[in-house]
Each structure stands twice: as C-alpha cells, then as structure tokens.
Amino acid sequence: MKKVPLMRMRPVVLSMIVIVLLALAWLPTGGFLPGERTNKPQLYVELTSASMSPRVDDVMFDIRQRIQQRHEWRLVENAAPYAWQLEAEVLESEQLVIVAVLRAPQSETTEQVQEQRFKVQGPYDAMGALPEQFVKVLTDLIENAEKHSTSL
C-alpha cells in the first residue's frame with residue numbers, strides 16, 4: 001500500500017477543522033440566561049377551573065391545544081421571571097366565562113409587575129368559539145407588548 005503524502009491530506013484536514021469550528025459556533029454558549037437564548041417570547045400557562053364538568057374540560061383542553069400550537073411563543077414548564085405568565089380560570093354561570101391575568105416578564109430596570117386582566121365570555125352554544133377568541137386576545141396582547149418593549 002502506498003502512503004498518502006501529508007500535502008494531499010492537508011485540504012481534507014483543513015475542511016474538517018472548519019466543519020468542527022462551525023459546529024461549535026452553532027451550539028449555544030452557556031453565558032446567556034434562558035430568557036435571552038431565543039427571540040420568541042416565552043409563556044408559562046396555568047389553567048384552572050372550580051367545576052369539572054365535561055363542558056369545562058373540553059374548553060380547557062381546547063385552550064391548551066390552541067396555545068401549544070401557536071408559533072408566536074415558546075412554552076416553558078415552570079414560572080420564571082423571564083417568561084410571560086398566564087393564569088386563566090374557566091367559570092360556569094349563566095354563560096361560560098374565561099377570566100385571565102397576563103403578567104409581563106420582569107425586567108432588571110423595574111421592580112413593578114405589569115399585568116393585564118381580560119375576560120372572554122359567551123353562551124354555552126358558542127362554546128367552540130370562546131377558546132379561539134381567548135387565544136386571539138392573548139396573542140394580540142403579547143405581540144403588542146413585545147413591539148412596545150414588554151410593557152402592557
């Protein structure tokens with residue numbers, strides 16, 4: 001077998017080094033906080049209900065599914081200061097009511113917690129449209145606040 005001279009292997013070695021450096025540059029560095037690693041707003045969702053009727057379960061399931069399928073934000077498992085926090089409750093009365101509180105991420109410059117309260121309600125016949133309207137309002141609030149530097 002003939003030995004390959006080092007000069008012929010040089011371009012292959014150099015290209016392998018470049019590939020390794022590009023792969024290392026692509027990996028996230030550990031210096032960023034989790035809130036700074038993405039440009040998308042991060043959202044923590046907490047859905048509750050006092051009654052556990054099948055209608056309320058269906059509405060809560062629909063809200064969860066619609067929130068998870070949106071591409072405007074990234075969901076986080078636990079509440080964190082860098083994430084938007086949504087607390088929503090589905091209530092049954094004469095109408096079906098979804099009451100929510102949306103809290104903006106905490107910034108280092110202000111200690112004040114900014115929150116927005118909103119409510120979506122409608123008759124039981126319009127039960128399918130309420131989660132859609134709720135997620136639309138939520139999306140509008142987050143997008144507008146992100147455009148105006150995270151203020152509600």
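**Entry 1: the core**

I began with the largest nonpolar core, which holds 25 residues. Leu43, Ile67, Leu86, Phe134 and Leu138 touch the most other members. I then asked which elements give two or more residues to this core. They are β1 (42-49), α2 (54-69), β3 (84-92), β4 (96-103), β5 (115-122) and α3 (129-147). Helix α3 gives the largest share, six residues. I should keep in mind that this is a predicted model. I also noted a general point: in soluble globular proteins, nonpolar side chains tend to be buried together.

**Entry 2: Leu86**

I picked Leu86 from the core and listed its contacts, leaving out residues up to four places away in sequence. Leu86 touches Leu43, Tyr44, Val45 and Glu46, among others. Its list also includes Ile67, Ala100, Val101 and Leu102. Phe118, Phe134 and Leu138 are on it too.

**Entry 3: the whole chain**

I stepped back to count elements. The chain has three helices and five strands. Along the sequence I read the pattern α-β-α-β-β-β-β-α. How much of the chain is buried? Buried residues make up 28% of the 152 residues. I also looked at contacts with a separation of 6 or more. Of these, 62% are between residues 24 or more positions apart.

**Entry 4: Pro131 and Thr139**

Next I went to helix α3, where I found Pro131. Is Pro131 buried or exposed? Pro131 counts as buried because its relative accessibility is 0%, and the cut-off for buried is under 20%. Beyond its neighbours within four places in sequence, Pro131 is in contact with Val59, Asp62, Ile63, Arg66 and Ile98. I also checked Pro131 against Ile67, which is 64 residues away along the chain. Their C-alpha atoms are separated by 9.4 Å.

Thr139 lies in helix α3 as well. Thr139 has 5% relative accessibility, so it counts as buried. Which residues does Thr139 touch, not counting those up to four places away in sequence? I found Arg70, Glu72 and Trp73.

**Entry 5: Arg103**

I moved to strand β4 and looked up Arg103 there. The side chain of Arg103 makes a polar contact with the side chain of Glu87, at 3.0 Å. Glu87 is also on the contact list of Arg103, which leaves out residues up to four places away in sequence. The other names I wrote down are Ala83, Trp84, Gln85, Val113, Gln114 and Glu115.

**Entry 6: a pocket**

I looked up the second largest pocket. Its volume is about 200 Å³. Which elements give two or more residues to its lining? They are β1 and α2. Strand β1 gives the largest share, five residues. In the lining I found Leu43, Tyr44, Val45, Glu46 and Leu47, among others. The lining also includes Ile63, Arg64, Ile67 and Gln68. Leu75, Val76 and Glu77 belong to the lining too. By class, I noted eight nonpolar, one polar and three charged residues. Leu43 and Ile67 were familiar names, as both are among the core members that touch the most others.

**Entry 7: Ser15**

My last stop was helix α1 (residues 6-26), where Ser15 sits. Ser15 is partly exposed because its relative accessible area is 34%; partly exposed runs between the 20% and 50% cut-offs. What does the side chain of Ser15 reach? It reaches the backbone oxygen of Val12, at 2.8 Å.

Key: Residues are numbered from 1 along each chain as its sequence is written. This is a predicted model: local features need pLDDT of at least 70, side-chain atom pairs count only at pLDDT 80 or more; totals for chains, interfaces and linings use all residues. Side-chain values use heavy atoms; hydrogens and water are left out. A nonpolar core is a set of buried Ala, Val, Leu, Ile, Met, Phe, Trp, Tyr and Cys residues joined through side-chain atoms within 4.5 Å. Buried means under 20% relative accessible area, exposed over 50%, partly exposed in between (1.4 Å probe, protein chains only). Helices (H or I, at least four residues) and strands (E, at least two) are DSSP runs, numbered from the N terminus. Contact means heavy atoms within 4.5 Å. A polar contact is a pair of N or O atoms within 3.5 Å; within protein, one must be able to donate a hydrogen and the other to accept it, and residues adjacent in sequence count only if both atoms are side-chain atoms. On a 1 Å grid over the protein atoms alone, a cavity is a set of points where a 1.4 Å probe fits but cannot get out, and a pocket is an open set with protein on both sides within 12 Å along at least five of seven lines; lining residues have an atom within 4 Å of a point. Grid points are joined across faces, edges and corners, and a volume is the space filled by probe spheres set on the points. Ala, Val, Leu, Ile, Met, Phe, Trp, Tyr, Cys and Pro count as nonpolar, Asp, Glu, Lys and Arg as charged, and the others, Gly among them, as polar.
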